[in-house]
Amino acid sequence: VRWLAQTLAVASISIRTIPQRLSSSIVAIVGIAGVVIVFVAVLSIGEGFQAAMTSAGSPTRVLVMRSGADSEMTSGFNGAEADVIKQAPGLLRNGNLPVASSELYVLVDRNKRSTGTPANVPLRGIEPAAFQARDEIQIAQGRNFTFGTNEAIVGVAANRQFEGVELGSELKSGELTLKIVGLFTANGSVAETEIWCDSRLIQGVYRRGNSYQSVLARLDSPASFDTFKDWVTSNPQLNVQVRRESEYYAAQSTTMTSLIRGVGYTIAALMGIAAVFGAILTMYTAVASRTHEIATLRALGFNTISVLVSVLAESLALAALGGLAGGLLAYVAFNGYQTSTMNFQTFSQVAFAFRVTPQLLTTGLIYALTMGLIGGLFPAIRAARLPISSALREL
Amino acid sequence: MKFLPLVWRNLLRRKVRTTFTLLSIFVAFILYAFLMTIRTAFSMGVEVAGVDRLMMMHKVSLIQLLPISYLRDIQSTPGVVLASHSTWFGGTYQDKANQFAVIAVDPEPQLKLYPEFKVPDEQVKALLADRQGAMVGRALADRYGWKIGDRVPIQATIWEPKEGSTWYFNIVGIYDGEPTVDKTNFFFRYDYFDENRRGAYGTVGWYIIRIDDPSQSAQIAARLDAQFANSSTETKTSTEKAFLQGFVNQVGDVGAIMVAILVAVLFSILLVVANTMMQSVRERTSELAVFKTLGFSNGLVLRLVMAESLFMAIIGGVLGLAVAWVLVSAGGFNSAFLPVFVLRGRDIAVGIFLCTLLGTLAGALPAMAAMRLRITDALRRN
């Protein structure tokens, strides 16, 4: 208990005297805060992208594509095959009709608002059952489109990111003419970056004949997945693959997310090394300026451990300040920042918002404290080993 | 110059402090090089795009195909020197994760349009002689250990062959080029592709067009598009640079993100160096006063302190850049995501400028303080 009291007393002295060493302390705080800001900001891009991609997936929905295709973009089969898929057991039925939508997924060039240059905006052709299959879709403004016409609805994120897809406007490109009659939300998922219209319309304009690229269907229960998959993949009329929608989108996001994480961690590690060097300098300075005081404490009988802990405590306090400040700034500056990027699997745009999550902030703070610990270690050992007599003789 | 030993001695006076300051500058500039390399990789050759090349694609989007019959119309358009076509094949090798750009081309005009792809003549001949021949980039060949003569199976993603789902190619050529050239492409012959695919015969992905006068590119592009206006397949022609820039913009402003990170890094390092210099001047107050008493002018004292700061920044910075350059050249950071991975001379020059700037800014305040030091005050302080 006495040992603890000693340690606490010395540690509180060193922390309370931080303001006296303000200029060098600020160097350590700013250095560590900078690392945490960059770390949190870069990784929040990855978090946001992943959230947009994975919130699209529901485990009760399945996506059927041609086998060998790596995305909806490269898939394709004819209308007869799509009809066979819809007969499969395990699908949810509404009366006699399966809750399944044969879809086409193509691109249309629109200018990105932020740059004014063309971007590949995904255009999805759907069937009426699509709205039953995706029950999270809600019309935010205007109304839903009417099948059999050239009306279309636009996801709110697409509306925000691209020019010429406003409510009430007409999207014209080549032979394609779409009347935008509504905006929809999809629970923040990737569908919000898409434009939706009748699949028959796309078959005509994009010269697809009676063909589709995917069938999106709702299962009667998540457990029916195997029944459905076995039937569809063993049917000799079909040459298709079946994936849960959630798995499909998770797989699409891995390349981008792991790239962002890889770059983010590398940058944070390098910056961290530089910041640790800065922190070591600060703590050496702190120890140097307190040489007298530390030697006096030791002479009075305070043990070496308490001196060691006090230096570490100061370093950790600076790191915690830096970590908190960095995390807070990153949150204020970046959380919810709207942007869009390209999904390399389909070359189509995905709008998403940076997400500074509590886990990211915690990781950032832990990283800051680690830097503080490493930065304080050598100066602390030096302080603890300070020879009392010569230290007191200095000056 | 004769004061250089003095500056050097001053730096050695506090070895620990100098070492850690140097190390943090060193790491900061390795990071600088890393960020600039990523930035270059994401600019995807925009800066090296041929000024005399136009790209023509379907007006609605690049996934729509164009008829091959357009080639003759394009070639007879005034201002056009040479034209050829490319078609995106997709495809994967061995595993679904192994994706790279597989493109069906007409080899002869393709190599004339892209002189930056360097291939030995006999390999070009081999490609023209073998319908299943393929020409791959050096980096791609190294990644999968391909050699000339290898037979490579590529799984179809978009274009299924007439039989099964795998296409077979013979590697007959390996192209090389400057560090900024993307060496991860896989080119194969369009005639084989068109004959062996299951449908969409006679269509191509996009046209590459060389024009005689780059200053006329907008007019020629408009002329080309006008030819196909109101047809069932309308076109959109832009310069290769504009096309690539548009593609880069779609990914997002990676460049701006890198620069923002860099500002954060350099600001922190500036504080570290400035703090070190401040301490060093503060410690030497009486010594500087003695210098002045001995007749060192204010300007000389200012220069001495500045020199110390610059010395540290430049040594740390240049070492960092050199180590990063060695790492990048050795392919230390190379990955499948970033096809072009080079540290360009321009970025190194900017790096050297930045470390000089860092040294100057960090030294400015302490040097001013040292210059303004009044001998009497300084000597009295102790």
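Where chain A meets chain B in this predicted model, the contact draws on 56 residues from chain A and 50 residues from chain B. Together the two chains bury about 4,500 Å² between them, and 67% of that sits on carbon and sulfur atoms. Three residues are worth finding first: Leu270(A), Phe277(A) and Leu281(A) supply 13% of the area that chain A buries against chain B, more than any other three residues.

**Links across the contact**

- You'll find two salt bridges between chain A and chain B.
- One pairs the side chain of Asp109(A) with that of Lys236(B), at 2.2 Å from N to O.
- There are also 13 residue pairs in polar contact between the chains, counting pairs with both residues at pLDDT 80 or more.

**Chain A's side of the contact**

- Five elements of chain A each supply at least two residues to the side that touches chain B: helix H2 (22-54), strand S5 (100-111), strand S6 (118-126), helix H8 (245-289) and strand S15 (338-343).
- H8(A) gives the largest share of that side, with 16 residues.
- Sort the residues on that side by class and you get 28 nonpolar, 21 polar and seven charged.

**Empty spaces inside**

- Searching the whole structure turns up seven cavities of 30 Å³ or more.
- The largest cavity has a volume of about 110 Å³.
- Its lining is made of 14 residues, and the ones nearest the centre are Gly31(A), Ala274(A), Ala275(A), Ser268(B) and Ile269(B).
- H2 and H8 of chain A, along with helix H10 (254-283) of chain B, are the elements that give two or more residues to the lining of this largest cavity.
- That lining splits into 11 nonpolar residues, three polar ones and no charged ones.
- So if you're tracing H8 of chain A, look for it in two places: on the side that touches chain B, and in the lining of the largest cavity.

Conventions: Residues numbered from 1 in each chain as written. Chains lettered and ligands numbered in written order. Predicted model: local features only at pLDDT ≥ 70, side-chain atom pairs only at ≥ 80, totals over all residues. Heavy atoms only, no water. Contact = heavy atoms within 4.5 Å. Buried area = accessible area lost by both parts, 1.4 Å probe. Salt bridge = Lys/Arg side-chain N within 4 Å of Asp/Glu carboxyl O. Polar contact = N/O pair within 3.5 Å; in protein donor to acceptor, adjacent residues only side chain to side chain. Helix = DSSP H or I, 4+ residues; strand = E, 2+ residues; numbered from the N terminus. Nonpolar A, V, L, I, M, F, W, Y, C, P; charged D, E, K, R; others polar. 1 Å grid on protein atoms, 1.4 Å probe; cavity = no way out; pocket = protein on both sides within 12 Å on 5 of 7 lines; lining within 4 Å. Points joined across faces, edges and corners; volume = space filled by probe spheres on them.
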